[in-house]
Amino acid sequence: MGEKRFSGRRVVVTGSARGIGRATAERFAEDGAAVAVVDLDAATAAATAAEIAATYETQAVGIACDVSVRESVEAMAEEVAQRLGGIDVLVNNAGVTRDNLIHKMEDEDWDLVMGVHLRGAFLCTRAAQRHMVRQNYGKICNISSTSALGNRGQVNYSTAKAGLQGFTRSLALELGRFNINVNAVAPGFIDTEMTQLTARRLGHEPEAYRQMRAKTIAIGRVGVPRDVANLVCFLCSDEAGFVNGQVVYASGGPETRRG
Ligand code: NAP
């Protein structure tokens with residue numbers, strides 16, 4: 001088999017047992033990377049990794065980790081380094097929503113969302129950059145969201161996703177000198193379990209909700225996980241070596257003010 005875009009690269013994607021994370025791990029594997037499928041549940045992470053390894057004939061390992069817990073993240077990074085031989089790429093994708101209007105939002109809804117998105121990205125990045133700095137090579141991609149621009153019922157999620165944009169820019173300034181690129185992708189509506197859950201919470205059938213949302217998107221359809229995966233892979237490739245500290249929206253149109 002010839003050289004592929006990510007041959008020899010070791011890639012960690014958090015929250016990759018399903019959804020956008022899974023599609024991203026698959027896309028890297030398709031282009032030759034060894035991938036670590038990191039997710040809360042050991043069995044689903046292992047099952048996804050096994051399917052990826054079989055489909056793309058590359059190394060894929062499933063690792064259980066709660067990205068919001070320091071000990072769990074440190075152990076995960078150590079295991080990846082041992083099993084894959086190092087870390088070249090980190091995609092901070094793990095995410096949760098706990099939507100509610102501010103007057104109904106519980107402390108736990110705020111803390112959980114901040115913990116997974118912000119503390120999670122911080123802990124994973126701090127652990128991964130040790131390997132990247134040592135080897136003078138690395139790529140980090142954070143998954144933000146169009147919700148960063150404001151979204152009713154999502155003050156916690158919106159704040160976390162906007163926070164990840166500042167995190168991206170500051171890290172790019174700190175880590176650039178070690179040949180580490182840090183960028184963010186901000187998806188719009190992508191059809192995953194997360195958005196199917198949102199549809200049901202708002203009292204819609206997922207298919208009807210998808211059609212309704214598609215009408216508001218310039219390109220005329222909702223996104224699929226691979227739309228995000230393609231962009232993440234480009235930003236983590238050497239072709240994008242001079243792109244650093246950027247937030248790229250993948251939302252089927254320019255972002256305009258809503259509401
Ligand atoms: P998803 O289908 O819900 O997948 C999220 C994954 O993250 C799940 O496998 C989940 O595991 C895992 N996860 C949750 N908490 C975790 C933790 N503490 N540690 C490790 N893994 C954890 O969501 P998705 O739609 O693919 O979203 C992926 C990312 O894209 C998220 O950051 C999300 O905010 C962002 N995003 C999504 C959209 C969209 O329209 N779908 C738009 C913009 C941005 P469990 O299954 O065990 O909970």
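# Reading a parallel sheet and its helices

Biologist: Which residues of S2 are buried on one side, and which on the other?

Modeller: Both faces of S2 are covered, with Ala34, Ala36 and Val38 buried on one side and Val35, Val37 and Asp39 buried on the other. Buried here means under 20% relative accessible area, with exposed being over 50% and partly exposed in between, for a 1.4 Å probe and protein chains only. S2 is thus mostly covered, as six of its six residues are buried. The model is predicted, so local features need pLDDT of at least 70 and side-chain atom pairs count only at pLDDT 80 or more, while totals for chains, interfaces and linings use all residues. Residues are numbered from 1 along each chain as its sequence is written, and side-chain values use heavy atoms, with hydrogens and water left out.

Biologist: In what order do the seven strands of the open sheet stand?

Modeller: Strands of a sheet pair through backbone hydrogen bonds, either parallel or antiparallel. In this model the seven strands follow the order S3-S2-S1-S4-S5-S6-S7, and their pairing is parallel. Strand S3 (60-64) and strand S7 (247-250) stand at the edges with a single partner strand each, so one side of each has no neighbour in the sheet. From one strand to the next, the twist averages 20°. Strands are DSSP runs of E of at least two residues, helices are runs of H or I of at least four, and both are numbered from the N terminus.

Biologist: How many bridges join S1 to S2, and how many join S4 to S5?

Modeller: Two strands pair if DSSP finds at least two bridges between them. S1 and S2 run parallel and are joined by five bridges, with Val11 opposite Val35 in S2. Strand S1 (residues 10-14) also pairs with S4 in the parallel sense, over three bridges, and here Val13 stands opposite Val91 in S4. Strand S4 (residues 89-92) is joined in turn to strand S5 (residues 138-143) by four bridges, again with the two running parallel. In that pairing Val89 stands opposite Lys139, and the bridge partner of Val91 in S5 is Cys141.

Biologist: Which residues point one way from S4, and which the other way?

Modeller: Val89 and Val91 point one way from S4, whereas Leu90 and Asn92 point the other way, and all are buried.

Biologist: Which helices lie across these strands?

Modeller: Helix H2 (residues 42-56) lies across strand S2 (34-39) and S3, and runs at about 170° to S3. Helix H5 (residues 155-175) lies across S5, strand S6 (180-187) and S7, and runs at about 165° to S6. Axes are lines fitted to C-alpha atoms, for helices over the stretch in contact, and angles run from 0 to 180 degrees between N-to-C directions.

Biologist: At what angle do helix H3 and helix H4 pack, and which residues meet?

Modeller: Helix H3 (residues 70-84) packs with helix H4 (residues 107-135) at an angle of about 35°, and their axes are 10 Å apart. Among the residues that meet, in the sense of heavy atoms within 4.5 Å, are Arg70, Val73 and Met76 in H3 and Leu123, Arg126 and Ala127 in H4. The residues of this contact divide into seven nonpolar, one polar and five charged, where Ala, Val, Leu, Ile, Met, Phe, Trp, Tyr, Cys and Pro count as nonpolar, Asp, Glu, Lys and Arg as charged, and the others, Gly among them, as polar.

Biologist: Is Arg27 buried or exposed?

Modeller: Arg27, which has its place in helix H1 (residues 19-30), counts as buried because its relative accessibility is 13%. Leaving aside its neighbours within four places in sequence, Arg27 is in contact with Arg5, Arg226, Ala229, Asn230 and Cys233.
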